[in-house]
Amino acid sequence: MKILYLLFAVFLLLFQATSGSADPLFPDTVECRRQGNFCLKGACPTPLVAKGSCHLGAMNCCSK
């Protein structure tokens with residue numbers, strides 16, 4: 001029975017989600033990142049400019 005705990009741990013490690021962003025790929029988010037910009041919740045900081053929206057309008061697409 002102790003082997004089941006070891007097998008469970010091995011399967012848990014094998015079937016983990018892949019590394020990287022777990023954000024859903026909304027069309028506006030993909031377009032923002034394709035242009036080299038990034039998404040930020042709230043207003044963009046002073047040296048940055050909002051160029052659009054991300055996550056279906058919930059975030060701003062900030063440009064350098």
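Is Arg-34 buried or exposed? Select Arg-34 and turn on a surface: with a relative accessible area of 59%, Arg-34 is exposed, because the cut-off for that label is over 50%. Keep in mind as you click around that this is a predicted model.

**Stop 1: the salt bridge**

With Arg-34 still picked, add Glu-31. Their side chains form a salt bridge, 2.6 Å from N to O, and the structure holds one salt bridge. Glu-31 has a relative accessible area of 33%, so Glu-31 counts as partly exposed. Why do these two sit about one helical turn from each other? Glu-31 and Arg-34 are three residues apart in helix H2, which means a separation of about one helical turn.

**Stop 2: the sheet**

Now colour the strands. Three of them make an open sheet in the order E1-E3-E2, with antiparallel pairing. Select 38-40 for strand E1 and 49-54 for strand E2: these are the edge strands, and each of them pairs on one side only. From one strand to the next, the twist averages 45°.

Next, add residues 59-63, which are strand E3; three bridges join E3 to E1, and the two strands run antiparallel. To see one bridge pair, pick Phe-38 and look across into E3, where Cys-62 is the partner.

**Stop 3: the helix on the sheet**

Show residues 27-34 next. This is helix H2, which packs on the sheet and touches E1, E2 and E3. Follow the direction of H2 against that of E2, and you get an angle of about 145°.

**Stop 4: the nonpolar core**

Which residues make up the largest nonpolar core? Select Cys-32, Cys-39, Cys-54, Met-59 and Cys-61: those five are the set. In soluble globular proteins, nonpolar side chains tend to be buried together.

Then zoom in on Cys-39. Leaving out residues up to four places away in sequence, Cys-39 touches Thr-29, Cys-32, Cys-54, Met-59 and Asn-60. Cys-32, Cys-54 and Met-59 are core members too.

**Stop 5: Phe-26**

Last pick: Phe-26, in the loop between helix H1 (2-14) and H2. With 23% relative accessibility, Phe-26 counts as partly exposed, because buried means under 20%. Which residues does Phe-26 touch, not counting those up to four places away in sequence? Light up His-55 and Leu-56: Phe-26 is in contact with both.

Finish by drawing a distance from the C-alpha of Phe-26 to the C-alpha of Cys-54. The two residues are 28 apart along the chain, and their C-alpha atoms are separated by 7.5 Å.

Notes. Residues numbered from 1 in each chain as written. Predicted model: local features only at pLDDT ≥ 70, side-chain atom pairs only at ≥ 80, totals over all residues. Heavy atoms only, no water. Pairing = 2+ DSSP bridges. Helix = DSSP H or I, 4+ residues; strand = E, 2+ residues; numbered from the N terminus. Axes fitted to C-alpha atoms, helices over the stretch in contact; angles between N-to-C directions. Contact = heavy atoms within 4.5 Å. Core = buried A, V, L, I, M, F, W, Y, C linked by side-chain atoms within 4.5 Å. Buried < 20%, exposed > 50% of the residue type's maximum accessible area, 1.4 Å probe, protein only. Salt bridge = Lys/Arg side-chain N within 4 Å of Asp/Glu carboxyl O.
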